[in-house]
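Look at the protein below and trace the chain from one end to the other. Keep the sequence at hand while reading.

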Amino acid sequence: MEAINGLSGEDFIFHDVNDNVYVRKCYGMEALGSKIQEAFEGMAILTTTAAISFDSSPSRENLELQVREAWQLLRHLVPGIACQTSKLPAFEGQYEFRYFVPQSLEDVSIWANQTTFFDDGVAPLLERHEQLKNSRLWSSAEPHYNAELHVSPLKTSLGWQFSLVMPHNSIDGRGAFGLLELFFEFLTSVIEKRAQPTSELKWGEEVARLPPPGPLTISPAEAGLQDLRPDSLKIFASTSSEVKQEATHSPPAIVPWIVSPTAIDNSVQGDIGCIIKFSPEVTATIHATCKKYGRTITQIISALVILANAEASLKIAGQVSEERYKDVSAGFSDSTHFLIAMNSICHRHKLPDGYDSFRSPKSSPLCATDCVELFFPMDSIRKLVKPDTKKSAVREVNRDYFWDGLVNDVAITWKAVDLSLEAYFSRQIGMHTAACAPDASGFDIVCPIVSSIGDLSRLGLLNAYLPSSTRKTLTVEDVIISLGVHKPMFMVMCYQYDSQLSVYFTTAGEFATAESLKLAADIFEEWMMAII
């Protein structure tokens, strides 16, 4: 079996190395996420928050016991939440997941106590979410469990906040909501006194539900590539240099509009964020308009993110200085394409052999997402947003230019992306290579990152806990999800729950103010209302 850097195929499958300690190496997005998390002070940690109301008002003491019991039940079903990430000292960009099989009920209880956190402070949902996103940070190189659960009371009757905090190397957006759904299922059964007693759980059998990396669940033969199970790394030797070259050199015909960041005075430590939540009526209109034009929500979200970023960048540059405005507006006028550096693609529902669900006997990889960089033609953008002589931007609201121009360009660009499992497999090779040779400068641009998670109801997530007139033990009143950025990149996460489309904007407080972020969000919302 050929090996590179001392690794072979079996290294990417969980295996017992010492007295009930199971390990496997991180691969692709897992490895890149681990490197980013280590290199950039806890960047790429995902916080997923739900506002919960109970049919009866639980005491803090009882709720804490019930939460920890449900948390243990979730671990038995999805043991990956109890893994730790560690860095391998011998090679740059190599990390592994480590799982310790509990040897007693006390071991499980200790883990639950170490990973569930109760805060008695009362705060609004968004405020508590942002506090956690900026305070719960850790490096992938330090010993730390990959999942935390935070609970605190909200400023609503019978309301509690539940937040799942996990690094992106171990979770994706849809996966996070899926874990919360399972947790709430267990919590409901505990409250209703019908849950399996934790004393009956057989620890050790859960290791069968420690899956391999997402791309390694498919057959490389189907991808037209060399067999990666178990002889995994042959493909790295032949393609890593090509992947690296492709990742660092865009086609010569493309001149992307790149805006360099500027540090601001009185900057805020950590990320800043804001959220737009469209009413059910407006959300329905958005869907109807997309259907009318034969477009998807993801496509118009991408188009609106482009317009919001372009218009806000020009206006903010004008507020800084005349020189800054000239530089930014010249780039806007002279470039050929607009870059969205990362566009997320979830593959979990397509994974074969029972790896598509956390409920299956094999479970599912916690991170089953992929991302691509996309370049969109500037010509259609410049018809809708234009620099002006007052160091600002002029907005040209024209439905034809928007739907037939920009959105059509977005759709054509997305259509060229191969969304197959085979392409997922192939792209993860590049991500694994990038983890071994990271370039921090790639994150130091004012550039959007977009994650369109989708309609949770259509995805079959949290439907049992939707608000309704029917009394139920537990109701999920609202949800928020966001990813820690800590860099000038402009992160946008879009999702729908309870018939309301939400768009969350976040970036680093070192390079933007709350006012400038709100400016971009307001522009996004104004464009949305203008084109539907």
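The paragraphs below go from the whole chain to one sheet and then to one strand.

This is a predicted model, in which local features need pLDDT of at least 70 and side-chain atom pairs count only at pLDDT 80 or more, while totals for chains, interfaces and linings use all residues. Residues are numbered from 1 along each chain as its sequence is written, and side-chain values use heavy atoms, with hydrogens and water left out.

The protein chain has 13 helices and 17 strands. Both are DSSP runs numbered from the N terminus: helices are H or I with at least four residues, strands are E with at least two. Of its 532 residues, 57% are buried, where buried means under 20% relative accessible area with a 1.4 Å probe, protein chains only. The chain exposes about 21600 Å², of which carbon and sulfur atoms supply 51%; these areas come from the Shrake-Rupley method with a 1.4 Å probe. Among contacts (heavy atoms within 4.5 Å) with a separation of 6 or more, 78% are between residues 24 or more positions apart.

Now take one sheet. Strands of a sheet pair through backbone hydrogen bonds, either parallel or antiparallel. Here two strands count as paired if DSSP finds at least two bridges between them. An open sheet of 4 strands runs in the order β1-β2-β5-β4, and its pairing is antiparallel. Because β1 (15–16) and β4 (84–87) are at the edges with a single partner strand each, one side of each has no neighbour in the sheet. The partner of β4 is β5 (residues 95–100), joined to it by 4 bridges in the antiparallel sense. One bridge partner pair is Q84 and R98, the latter in β5. Helix α1 (residues 29–39) packs on this sheet and touches β2 (21–25), β4 and β5. The direction of α1 makes about 95 degrees with that of β5; axes are lines fitted to C-alpha atoms, for helices over the stretch in contact, and angles run from 0 to 180 degrees between N-to-C directions.

Further along the chain, why is strand β16 (residues 490–497) described as largely enclosed by the rest of the structure? The reason is that 8 of its 8 residues are buried. F490, V492, C494 and Q496 point one way from β16, while M491, M493, Y495 and Y497 point the other way.

β16 pairs with β14 (residues 448–455) in parallel, over 7 bridges, and D455 has Q496 as its bridge partner. With β17 (residues 500–508), β16 pairs in the antiparallel sense, also over 7 bridges, and Y497 stands opposite Q500. β16 and β17 form a hairpin with 2 residues between them. In that turn, D498 has a positive phi of about 55 degrees.

Methods. Buried < 20%, exposed > 50% of the residue type's maximum accessible area, 1.4 Å probe, protein only.
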